[in-house]
Amino acid sequence: MLNDKKVLFSGMQATGNLTLGNYLGALKNWITLSDEYECFYSVVDMHSITVRQDPATLRKRARALLTLYIAAGLDPKKNCIYYQSHVSGHAELAWILNCFTYMGELSRMTQFKDKSAKHADNINAGLFTYPVLMAADILLYQADVVPVGVDQMQHLELTRDIAMRFNNIYGDVFTIPEPYIGKIGAKIMSLQEPTKKMSKSDENPNASIYLMDSPDVILKKCKRAVTDSIGEIKYNEDQPGVKNLIDIYSSCTGKSVKEIEKEFENEGYGVFKEAVGEAVVSVLEPLQKEAARLEKDKAYLDGIIKENAEKATYFSNKTLRKVKRKIGYPDMIR
C-alpha cells in the first residue's frame, strides 16, 4: 500500500486504434479512480507481440496510446503511466509465475482459443502463456484492485489462483487482487452487430467509433447504427441496437436510462441517432485537441516516459526482491 491508498493496476494493448468502448468502459473509469487509488496504468506493449507487429507501427501506436491516456485526463504526476517493456520486472516475474501455473489452466483460457482461431499460422508459446504475463503485471505492484471487463474476468481469476498458490507455499507474498467493474458504459457493443462487443479489430469500419474519428465520421457511423423495426426508444434485451445507443448516450451525457427514454419517447430513431452522435462528438473533441497538443510537446512526453518508468521499476523491484528471496535465488553481491 502506497500513501495509505490501495493499489490499482490496469493497461491496454498498443495495437489498433482505441474505440469509444475502450474510453467509456475503461479510460473514463480510470480517471475517476485516480483520487481513490495509487494507480499504475501501463501501455502493455509486451502483450502486443503475441501477434506479429510492424516495429515502426508498434512504436508509434505505443506512444499514441500513452498520449491518449494523458489527453483523456489521467494526470501523469498522480498516476504512474508507463510502457510495460521499459520495466524488466514484468518479464522476470512472468517467468517465475510460469513455473507455478499449470498447462490445463492455460488451455482453458477462452481468449487463447479465440486468438488461436484468428491466428492459426502463429499459435506461439507467448499466446499460450499470455495470462501469466498478465498475472505478473498485476502482482508486480501488489494491486488490490483491477478494472476489468467481463471478458477479462477469467484471466483475473487465474491471477488470483496463481497468487494464492504461491502464497500457500511461501507465505504472504502477493496481494490477492479484486475486480473493479464500472457500472456505466462497462460494455459498449458494436454499432453493426450489437450482440458483440465494440472492437479495435472489427473489419467493418462502421462497427466501431474510434477516439480520433472526425465529427463527421462519428455522426455518419451513429446514423448507420443497426436498430430494429419496433420504432420505440426503450432499454430492453429485445432491442440490442437501441439499448447499446442508450448506453452510449447515457455514458456521454450522464443521463439515466429513464431520463433518456422520457426525452425521446415521441421521437424516431433518426433523431435519437443524431443526438447520440452529437453527444459522442462533444465528449471526444476536447480529448482529440489535447492529444494533438501533447503530440507536439516531445520533451514533455519524453520526460513523463522516463520518470514513470523509473517509478514503476522502483515499486516492481520491491516485489521482485521478495519473490526471488522466497524461491531461493542467490543474493546479488553489491
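## A viewer tour, from aromatic rings to salt bridges

Start by selecting F315: with a relative accessibility of 18%, this residue counts as buried, because the cut-off for buried is under 20%. Keep in mind as you go that the model is predicted.

**Stop 1: the aromatic rings**

Leave F315 on screen and add Y314. The two form an edge-to-face aromatic pair, with ring centres 5.0 Å apart and 80° between the planes. Now widen the selection to F9, F40, Y82 and Y141; together with Y314 and F315 they form one aromatic cluster. In total, the structure holds 14 aromatic pairs.

Within the cluster, zoom in on F40 and Y141. Their ring centres lie 4.5 Å apart and their planes meet at 25°, so this pair is stacked. Colour by secondary structure and you will find F40 in strand β2 (residues 37–43), while Y141 sits in the loop between α7 (125–139) and β4 (145–147). The pair thus links distant parts of the chain, 101 residues apart. Are these two residues buried or exposed? F40 is buried at 1% relative accessible area, and Y141 is buried too, at 4%.

**Stop 2: L8 and its surroundings**

Next, select L8, in strand β1 (residues 6–12). Its relative accessible area is 0%, so L8 is buried. Which residues does L8 touch, apart from its neighbours within four places in sequence? Show L33, Y37, E38, C39, F40, Y41, V145 and P147, and you have the contacts of L8. F40, from the stacked pair, is among them. For a longer view, draw a distance from L8 to I305: their C-alpha atoms are separated by 19 Å, with their positions 297 residues apart along the chain.

**Stop 3: helix α12**

Select residues 269–296 to bring up helix α12. At 1.5 Å a residue, its 28 residues should span 40 Å, and the end C-alpha atoms are indeed 40 Å apart, so expectation and model agree. Where does α12 bend? Click on L284: the helix bends there by about 30°, and the proline P286 follows within four residues.

**Stop 4: the salt bridges**

The structure holds 16 salt bridges, and a few make good stops. Begin with E105 and R165, whose closest N and O atoms are 2.6 Å apart. E105 belongs to helix α5 (residues 103–107) and R165 to helix α8 (residues 153–170), so their bridge ties together parts that are 60 residues apart in sequence. Switch on a surface here: E105 is buried at 9% relative accessible area, and R165 is buried at 18%.

Select R160 and E178 next; their side chains meet in a salt bridge at 3.3 Å, N to O. This pair also links distant parts of the chain, with R160 in helix α8 and E178 in strand β5 (residues 178–180), 18 residues apart. R160 is buried at 17%, whereas E178 is partly exposed at 41%.

Go on to E237 and K243, where the N to O distance of the salt bridge is 3.9 Å. Here E237 counts as exposed at 62% relative accessibility, while K243 counts as buried at 18%.

For the last selection, pick R63, K298 and D302, which are linked in a network of salt bridges.

How values were computed: Residues are numbered from 1 along each chain as its sequence is written. This is a predicted model: local features need pLDDT of at least 70, side-chain atom pairs count only at pLDDT 80 or more; totals for chains, interfaces and linings use all residues. Side-chain values use heavy atoms; hydrogens and water are left out. Rings of Phe, Tyr and Trp (its six-membered ring) pair if their centres lie within 6.5 Å; planes under 30 degrees apart count as stacked, over 60 as edge-to-face and the rest as tilted. Helices (H or I, at least four residues) and strands (E, at least two) are DSSP runs, numbered from the N terminus. Buried means under 20% relative accessible area, exposed over 50%, partly exposed in between (1.4 Å probe, protein chains only). The expected span of a helix is 1.5 Å times one less than its number of residues. The bend at a residue is the angle between axes fitted to the seven residues ending there and the seven starting there. Contact means heavy atoms within 4.5 Å. A salt bridge is a side-chain nitrogen of Lys or Arg within 4 Å of a carboxyl oxygen of Asp or Glu.
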